[in-house]
Amino acid sequence: AVHRQGAAASAQITHGGCFTFLPPSGSALPLSASGGFNKVGIMSGILRKQAMTEADLAQVSDEFVQGARLARDAGFDAVELHMGHGYLLSQFISPLYNKRRDGYGGSLENRMRFPLRVLRQVLDAVGNELAVVCKYSVTDGVRGGNRAEDGAAIARLLEAEGAHLLVLSAGMNVESITTMFGSSFPKENRVSTGKPVIDAVVALKSLLEPQVRFRELYLLEHSRKVRAAVRMPLAYLGGVKSLEGIEHLMAQGFDAVALGRVLLAEPDYVNKLRSGACRDSICTACNRCVAMMYTPGGTSCVLGEPGDAQLNAVGAASL
């Protein structure tokens, strides 16, 4: 369907690590870079995690490769390895999660060993047929985490390993969600997910975190540091909602623009830009679409119709 419209399709591949609501099959605890207390598990009741062994690393690397091959066979044009936001590969990259004392912990170069290993194996498997993209957090957005200077160093390592494109995101799902979305979650736009623990965590974070007002291109200062550090193609992500903003990014030397909330508000926004029908998106960056992920109908925009809960319950294998 994507190809019929003249576009290309990318499949995102990730592993939740300890950011999961169910422990992996055959394992009492979810996998992560390091073991111990699992703060993410407050939302799921899984309060412990286990450090990955060499056997675990080999198995998960192979599973990333299997996922990439499945995407290739299904007709995708690219695969995106998600290395940010607190998922497994990010749990190795970030010092917030990686407390290992072996060759996979300590220095940034060591913390990058496993993500780079996954990238290399995926490149070897499908890199001649598909674009292999890496999405990562340029900054963790919280004390003790990676900063933008680390994000530039990460980009240099990914470039050296042969990644075809980097998508420059930021923030962590638990520690710094306002860094990720560029603005707070106003109380009036909060939704009930039907999951009391998740609702309580969201409400508590809203009380504890400083209120942040949205501004367009809110990650540009961080992303500029990466643009100055590498020559490879980069996709800017973070608060793009106008043609003026897009043109500014192109002038700054970025090669592509990633859109999220804007397309939930207006799925045809790119076509509107092409035709000249509009310049600015109707998206207000209220962030209600984020909390909608946990509702029966799934993610949708508050300015449109809610998602279809019945359709959202149909498994992919049934379609």
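Buried means under 20% relative accessible area, exposed means over 50%, and partly exposed is anything in between (1.4 Å probe, protein chains only). Keep that handy for the tour.

Some ground rules before you click. This is a predicted model, so local features need pLDDT of at least 70 and side-chain atom pairs count only at pLDDT 80 or more, while totals for chains, interfaces and linings use all residues. Residues are numbered from 1 along each chain as its sequence is written, and side-chain values use heavy atoms, with hydrogens and water left out.

**Stop 1: helix α4**

Select residues 113–126, which make up helix α4. Helices (H or I, at least four residues) and strands (E, at least two) are DSSP runs, numbered from the N terminus. α4 has 14 residues and reaches 20 Å from first C-alpha to last, close to the 20 Å expected at 1.5 Å a residue; the expected span is 1.5 Å times one less than the number of residues.

Which residues of α4 are buried? Highlight F114, P115, L116, V118, L119, V122, L123, A125 and V126. They pack against α1 (54–73), β5 (78–82), α2 (88–93), α3 (108–111), β6 (131–137) and α5 (148–161), where contact means heavy atoms within 4.5 Å.

**Stop 2: a small sheet and F37**

Now show the open sheet of three strands, ordered β2-β4-β3 with mixed pairing. Its edge strands are β2 (31–32) and β3, each pairing on one side only. Two strands pair if DSSP finds at least two bridges between them; β3 and β4 (residues 48–51) pair in the antiparallel sense over two bridges.

Zoom in on F37, in strand β3 (residues 36–37). Across from F37 in β4 stands R48. Is F37 buried or exposed? With 52% relative accessibility, F37 counts as exposed. Add I42 and L47 to the selection: with F37 they form a nonpolar surface patch of about 310 Å² accessible area together. Patches are made of residues with over 30% relative accessible area and no salt bridge, with like charges joined within 9 Å and nonpolar side chains (Val, Leu, Ile, Met, Phe, Trp, Tyr) within 5 Å. Accessible areas come from the Shrake-Rupley method with a 1.4 Å probe; for residues, only the protein chains shown count as cover.

**Stop 3: two positive phi angles**

Most residues other than glycine have a negative phi. Go to H85, in the loop between β5 and α2, where phi is near 65°. H85 is buried at 7% relative accessible area. Then jump to A285, in the loop between α11 (269–275) and α12 (288–291). Its phi is near 55°, and A285 is buried at 8%.

**Stop 4: salt bridges**

A search of the whole structure turns up twelve salt bridges, each a side-chain nitrogen of Lys or Arg within 4 Å of a carboxyl oxygen of Asp or Glu.

Pick K225 and E149, whose closest N and O atoms are 3.0 Å apart. K225 sits in helix α8 (residues 220–229) and E149 in helix α5, so the pair ties together parts that are 76 residues apart in sequence. K225 is partly exposed at 39%, and E149 is partly exposed at 43%.

Next, select E266 and K272, bridged at 2.7 Å. E266 is buried at 5%, while K272 is partly exposed at 24%. Finally, pick R72, D73 and E129, joined into one network by salt bridges that share partners. The R72 and D73 side chains meet at 3.1 Å, N to O.
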